[in-house]
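Could you take me through the terms used for this model, and say how each one is earned? I would like to set the values against the definitions.

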Amino acid sequence: EKGGYDYFMLKEIAEQPKAVADTLLGRIGASGELTLDEIRIPAAELREATKVVIVACGTAFHAGLIAKYAIEHWTRVPCEVELASEFRYRDPILDQRTLVVAVSQSGETMDTLMALRHAREQGARVLAICNTNGSTIPRESDAVLYTHAGPEVAVASTKAFLTQVAACYLLALYLGQVRGTQWGDEIRAVVRDLAQIAGQVERVLATMEPVRELARSLAGKDTVLFLGRHVGYPVALEGALKLKELAYMHAEGFAAGELKHGPIALIEEDLPVVVVVPSPRGRSVLHGKIVSNIQEIRARGARTIVIAEEGDEAVVPYADHLVRIPATPTLLQPMVAAVPLQVFACELATARGNEVDQPRNLAKSVTVE
Ligand code: M6R
């Protein structure tokens with residue numbers, strides 16, 4: 001049932017191109033328009049929404065953090081992302097014109113369920129992005145957009161994450177389409193690029209041997225830090241979460257711009273720091289800033305593990321280890337950049353003798369608050 005792989009996690013990492021392709025299938029029309037008829041929330045209501053609030057936990061929360069960049073950029077609708085476990089305890093401001101998006105692989109996460117119940121009590125519309133047909137969260141929502149990742153067995157979420165990001169982007173583009181804002185050449189181009197993503201994930205997967213080797217060489221370390229900017233920041237958080245739950249190592253993700261506000265004090269000789277580098281094309285200001293960050297930490301002794309797109313030569317002098325990913329538009333980069341981090345955590349866990357599919361103290365779906 002593991003399809004020849006040692007662990008479900010390895011199988012599920014390998015299934016990501018298909019999972020992403022299946023999630024996009026039938027939802028993008030020939031001329032680049034989105035056909036999400038399954039969202040039964042009337043277009044008029046989506047047009048009138050004044051705010052999007054995403055609630056989720058763990059890896060699904062990181063998908064939500066990424067989605068915020070896409071939703072605000074393409075639709076100009078303000079978007080908040082909140083940990084489901086915090087949401088209802090702070091008396092959030094919600095009304096009929098708030099679209100609450102609950103993201104959950106299992107559809108059974110109690111924190112997320114309680115958050116969506118609270119939202120509906122306040123009159124908000126709730127849309128679930130979920131991987132499990134007929135589970136509680138979609139049943140209690142007004143509408144559902146299913147991710148088609150197939151069953152995810154390993155506790156560490158991988159293919160569900162990529163499809164959550166894909167589904168959130170479909171929603172963002174659809175909202176843009178329905179509202180008519182920013183629906184122009186850029187969105188059409190993004191839809192085309194989105195359709196290429198599965199193939200690019202496949203290419204990343206084919207080049208992971210050096211990442212595995214690097215992971216094995218770091219098995220004796222205590223700490224790994226992750227840095228990113230813009231959508232690379234949630235990717236850094238996700239890389240750190242994977243390492244915590246699988247390798248039982250101290251791992252933290254930071255927004256690279258925050259380094260000088262505290263975390264840079266953690267840098268010491270030979271500390272591994274993974275840096276997710278945005279594309280040098282597009283938002284080039286971001287790229288320049290992160291190259292300076294890499295220089296700063298390296299000057300203080302960090303061992304830099306740089307994830308950068310093919311053709312980005314500016315990072316080469318400062319990378320102790322360089323992991324190449326295909327060039328994508330900035331907003332789509334998380335879907336390729338997250339993959340080496342998954343492989344890295346899985347291999348490190350194996351090297352440390354940990355149970356990859358069933359990490360200690362964790363359950364696949366957390367059905368208690
Ligand atoms: O089933 P859900 O997507 O609601 O689960 C949310 C989190 O519990 C889950 O993503 C968890 O963080 C994973 N084990 C991370 O790999």
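Here are some questions and answers on helix crossings, a cavity and a pocket.

This is a predicted model, in which local features need pLDDT of at least 70, side-chain atom pairs count only at pLDDT 80 or more, and totals for chains, interfaces and linings use all residues. Residues are numbered from 1 along each chain as its sequence is written, and side-chain values use heavy atoms, with hydrogens and water left out.

Q: Why is α10 called oblique to α13?
A: The axes of α10 (residues 209-217) and α13 (residues 333-351) come within 8 Å and cross at roughly 40°. Axes are lines fitted to C-alpha atoms, for helices over the stretch in contact, and angles run from 0 to 180 degrees between N-to-C directions. Under 35 degrees counts as roughly parallel, over 145 as roughly antiparallel, 65 to 115 as roughly perpendicular and the rest as oblique. The crossing angle therefore makes α10 oblique to α13.

Q: Which residues make the contact of α10 with α13?
A: On the α10 side they are V211, R212, L214, A215 and R216, and on the α13 side P340, V343, F344, E347, L348 and A351. Contact means heavy atoms within 4.5 Å.

Q: What makes α2 roughly antiparallel to α9?
A: The axes of α2 (residues 16-24) and α9 (residues 185-205) come within 8 Å and cross at roughly 175°. That angle is why α2 counts as roughly antiparallel to α9. Q16, P17, V20, A21 and L24 of α2 meet L194, A195, I197, A198, V201, E202 and L205 of α9.

Q: What is the make-up of the lining of the largest cavity, by class?
A: The lining consists of V211, L214, V274, I305, I307, V323, P340, L341 and F344. Ala, Val, Leu, Ile, Met, Phe, Trp, Tyr, Cys and Pro count as nonpolar, Asp, Glu, Lys and Arg as charged, and the others, Gly among them, as polar. That gives nine nonpolar, no polar and no charged residues.

Q: What sets a cavity apart from a pocket?
A: On a 1 Å grid over the protein atoms alone, a cavity is a set of points where a 1.4 Å probe fits but cannot get out, while a pocket is an open set with protein on both sides within 12 Å along at least five of seven lines; lining residues have an atom within 4 Å of a point. The largest cavity holds about 50 Å³, and the largest pocket has a volume of about 560 Å³.

How values were computed: Points joined across faces, edges and corners; volume = space filled by probe spheres on them. Helix = DSSP H or I, 4+ residues; strand = E, 2+ residues; numbered from the N terminus.
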